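Trainee: I have a structure open and a list of labels to make sense of. Can we go through them one by one?
Mentor: Yes. Ask what each label rests on.

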Amino acid sequence: MESKWLEWTQKLQAIAQNGLTFSENPYDIERYKVLQAIATEIMSTYSNVEHSYILDLFAREVGYATPKVDVRGVVFRDNTILLVKERLDGCWTLPGGWADIGDSPSEAAVREIFEESGYQTRAIKVLAVYDRNRQGHTPHQHYIYKLFFLCELVGGSPSASIETEEVGFFPEDNIPELSLGRVTPAQITRLFQHYRDPDLPTDFD
């Protein structure tokens, strides 16, 4: 039940957004606006986020509703994994973020790693494509797919950024507090399994 409100909200918002995109009948348009208002009410109530903020966020989503794409770069060195400390919440995560228009998925991962950590890398394998809602992350207003790319370290040096304040490599038994909206302990454990067994197939869903 804990996550049902998020699932309902995302589905209602998608129906409303698609309806507002394709409907020409003024009565249907009003009905879809009401549906969007209901989705906003559910999200605001259960997330404790200001109603007007959620409504504005939903209203700015136009066109056919599709999942957003979050890319994460996975870099190993001597049995340790690269993590960056987020300025926003003071917790650690794999470097990554939204995929930008014009970037291929792997280019987005390589760019995010460089911008957030200072390291230059080359993407070599897709380790996982996850539905964020099924991975135990903290709630998010958008429906998101998360792509994890194994990247090979080729150069650079540790450097903080406007989004990150520290950079480090950590062994599996000494992972710092994670930013759960971005990465979970179970995902880190699974990524180390991929590191130890390169023949594992890509995870999905």
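Trainee: Why is Gln187 called buried?
Mentor: This is a predicted model, and the value is computed from it. Gln187 has 2% relative accessibility. Buried means under 20%. Therefore Gln187 counts as buried.

Trainee: Where does Gln187 lie, and what does Gln187 touch?
Mentor: Gln187 lies in helix 5. Leaving out residues up to four places away in sequence, Gln187 touches Tyr130, Gln135, His137, Phe148 and Arg182. Touching rests on heavy atoms within 4.5 Å.

Trainee: What makes Ile175 buried, exposed or partly exposed?
Mentor: Its relative accessibility is 24%. Buried needs under 20%, and exposed needs over 50%. The value sits in between, so Ile175 counts as partly exposed.

Trainee: Where is Ile175, and which residues does Ile175 touch?
Mentor: Ile175 is in the loop between strand 8 (164-171) and helix 5 (185-196). Its contacts are Ile81, Leu83, Phe170, Ile188 and Phe192, again not counting residues up to four places away in sequence.

Trainee: How far apart are Ile175 and Leu20?
Mentor: In sequence, 155 residues separate them. In space, their C-alpha atoms are 45 Å apart.

Trainee: Now the helices. What describes a packed pair?
Mentor: Two numbers do: the angle between the axes and the distance between the axes.

Trainee: Why are helix 1 and helix 2 called roughly antiparallel?
Mentor: Helix 1 (residues 4-22) and helix 2 have axes that cross at roughly 155° and come within 8 Å. Angles over 145 count as roughly antiparallel. Therefore the two helices are roughly antiparallel to each other. Helix 1 passes helix 2 in a left-handed crossing.

Trainee: What makes the contact there?
Mentor: From helix 1, the residues include Trp5, Leu6 and Leu12. From helix 2, they include Ile29, Tyr32 and Lys33. The residues of this contact divide into 14 nonpolar, 5 polar and 1 charged.

Trainee: Why is helix 2 called oblique to helix 3?
Mentor: The axes of helix 2 (residues 26-47) and helix 3 (residues 51-59) cross at roughly 135° and come within 9 Å. Roughly antiparallel needs over 145, and roughly perpendicular runs from 65 to 115. The angle of roughly 135° fits neither class, so helix 2 is oblique to helix 3.

Trainee: Which hand is that crossing, and which residues make the contact?
Mentor: Helix 2 passes helix 3 in a right-handed crossing. Helix 2 supplies Gln36, Ala39, Thr40, Glu41, Met43 and Ser44. Helix 3 supplies His51, Ile54, Leu55, Phe58 and Ala59. They divide into 6 nonpolar, 4 polar and 1 charged.

Trainee: How many disulfides are there in the whole structure?
Mentor: A search finds 0. To count, a pair of cysteine sulfur atoms must be within 2.5 Å.

Trainee: How do you know whether Cys91 and Cys151 are buried or exposed?
Mentor: Use the cut-off of under 20% again. Cys91 has 10% relative accessibility, so Cys91 counts as buried. Cys151 has a relative accessible area of 4%, so Cys151 is buried too.

Trainee: What about the protein as a whole: how many helices and strands, and how much is buried?
Mentor: The protein has 5 helices and 9 strands. Of its 205 residues, 40% count as buried.

Methods:
Residues numbered from 1 in each chain as written. Predicted model: local features only at pLDDT ≥ 70, side-chain atom pairs only at ≥ 80, totals over all residues. Heavy atoms only, no water. Axes fitted to C-alpha atoms, helices over the stretch in contact; angles between N-to-C directions. Helix = DSSP H or I, 4+ residues; strand = E, 2+ residues; numbered from the N terminus. Parallel < 35°, antiparallel > 145°, perpendicular 65-115°, else oblique. Left-handed = near helix turned anticlockwise from the far one by under 90°. Nonpolar A, V, L, I, M, F, W, Y, C, P; charged D, E, K, R; others polar. Buried < 20%, exposed > 50% of the residue type's maximum accessible area, 1.4 Å probe, protein only.
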